[in-house]
Amino acid sequence: MLKVENLYVSVEGRAILKGLTLEMNPGEFHVVMGPNGSGKSTLALTIAGHPRYSVEGGRILFDGEDITGFGPDERAKRGIMLAFQHPHEVEGVRIIEFLQQVLVETKGVDPVEAYDRIVKKAEELWFREEDLHRYVNVGFSGGERKRLELLQALLIEPKLLILDEPDSGVDVDSLSVISRTIEELHQRGTAVLLITHYGRILGHLDREKLRVHVMKDGRIVKTGSGELVERIESEGFGRIFEEVGE
Ligand code: ADP
Ligand code: MG
Ligand code: MG
């Protein structure tokens with residue numbers, strides 16, 4: 001479903017991704033780990049089509065189609081969604097209106113039905129109806145921002161959900177609801193590409209079925225199953241890099 005082939009990406013003239021290859025089948029759950037600055041967010045933003053990240057080599061295929069040159073909206077239409085590491089405040093745009101528009105455009109739902117659906121799903125992520133009338137992320141805590149990203153995902157049910165550190169800057173209670181929501185989406189068939197530093201977000205997911213990629217300096221230097229997550233947590237990246245001669 002997703003094929004990232006020998007990808008080279010630069011930001012403002014600086015090479016960040018240096019020959020990254022990654023393949024995902026429909027419904028799979030992949031985890032990306034790596035030290036700060038190794039290019040994890042760059043990978044996520046490049047797959048989502050952020051204009052600041054320029055592809056210097058390689059390509060990205062989605063469902064067999066070369067999407068390397070596509071804008072973010074075209075990728076979203078094909079079922080790719082990115083939940084941001086640092087969701088931005090959007091002054092003047094109310095959550096409810098934004099989400100209604102998302103549902104009208106992506107699912108063809110009428111606005112009234114969309115409203116009811118949003119309020120219902122929002123409850124699962126601990127948003128009350130009155131919260132939905134606030135501006136997007138304005139004055140929101142870290143946990144609220146990340147939960148709002150997950151609410152969008154629940155409504156859209158993307159084919160591919162990329163999550164960039166959904167567990168960073170959130171309290172334990174938010175962490176559990178975020179983790180549960182990711183698992184729910186995965187069970188309903190969404191393929192997940194999750195960037196994290198911690199195994200806790202993986203909750204009860206079957207470690208055997210996970211594919212874990214370890215990044216260093218813009219490339220994937222090791223891929224394994226879920227046991228890698230716990231190894232990295234206990235031993236750090238150094239040992240793994242040594243093993244693979246990095
Ligand atoms: P990670 O998510 O693994 O911490 P990033 O992809 O955010 O890594 O960043 C990789 C490298 O690229 C870092 O050295 C970072 O400073 C640099 N970088 C990322 N985005 C930008 C940007 N917009 N402008 C300049 N440098 C950037
Ligand atoms: Mg980082
Ligand atoms: Mg990052």
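In this predicted model, helices H4 and H5 cross in a right-handed manner. The axes of H4 and H5 approach to within 10 Å and cross at roughly 130 degrees, and the two helices are therefore oblique to each other. Helix H5, which spans residues 142–156, also takes part in two further crossings, one with H3 and one with H6. With H3, the axes come within 10 Å and the crossing angle is roughly 25 degrees, so that H3 and H5 count as roughly parallel; this crossing is right-handed. With H6, which comprises residues 172–187, the axes of H5 and H6 again come within 10 Å, at a crossing angle of roughly 15 degrees. That angle makes H5 roughly parallel to H6, and H5 passes H6 in a left-handed crossing.

The segment that contains these elements is annotated in the database: an unreviewed UniProt entry lists residues 2–242 under "domain: ABC transporter". Within the model, the span of residues 2–242 is 37% helix and 29% strand, and the C-alpha atoms at its two ends lie 29 Å apart.

Aromatic contacts were examined next. How many aromatic pairs does the model contain? The count comes to 2 aromatic pairs. Phe127 and Phe140 form a stacked pair, with ring centres 6.3 Å apart and an angle of 25 degrees between the planes. Phe127 is placed in the loop between helix H4 (111–124) and strand E8 (135–136), whereas Phe140 is placed in the loop between E8 and helix H5, so the pair ties together parts that are 13 residues apart in sequence. Both Phe127 and Phe140 are buried. Phe237 and Phe241 likewise form a stacked pair, at 5.8 Å centre to centre and with 15 degrees between the planes. Phe237 and Phe241 both belong to helix H8 (residues 237–243), where they are 4 residues apart, about one turn of the helix. An α-helix has 3.6 residues a turn, so residues three or four places apart point the same way. Phe237 and Phe241 are both buried.

A ring from each of these pairs is also accompanied by a positively ended side chain, as follows. The charged end of Arg147 sits over the ring of Phe127, at 5.0 Å from the ring centre. The charged end of Lys216 sits over the ring of Phe241, at 5.3 Å from the ring centre.

Burial was then considered for individual helices. Of the 9 residues of helix H1 (residues 40–48), 8 are buried, so H1 is largely enclosed by the rest of the structure. The buried residues of H1 are Lys40, Thr42, Leu43, Ala44, Leu45, Thr46, Ile47 and Ala48. Helix H1 is followed by Gly49, for which phi is positive, near 90 degrees.

In helix H3 (residues 95–107), attention falls on Ile95. Is Ile95 buried or exposed? With a relative accessibility of 1%, Ile95 counts as buried, because the cut-off for burial is under 20%. Ile95 and Leu163 are 68 residues apart along the chain, and their C-alpha atoms are separated by 20 Å.

Key: Residues numbered from 1 in each chain as written. Chains lettered and ligands numbered in written order. Predicted model: local features only at pLDDT ≥ 70, side-chain atom pairs only at ≥ 80, totals over all residues. Heavy atoms only, no water. UniProt positions renumbered as here; feature names shortened; annotations may be inferred. Phe/Tyr/Trp six-rings, centres within 6.5 Å; stacked < 30°, edge-to-face > 60°. Buried < 20%, exposed > 50% of the residue type's maximum accessible area, 1.4 Å probe, protein only. Lys NZ or Arg CZ within 6 Å of the ring centre and 35° of its normal. Axes fitted to C-alpha atoms, helices over the stretch in contact; angles between N-to-C directions. Parallel < 35°, antiparallel > 145°, perpendicular 65-115°, else oblique. Left-handed = near helix turned anticlockwise from the far one by under 90°.
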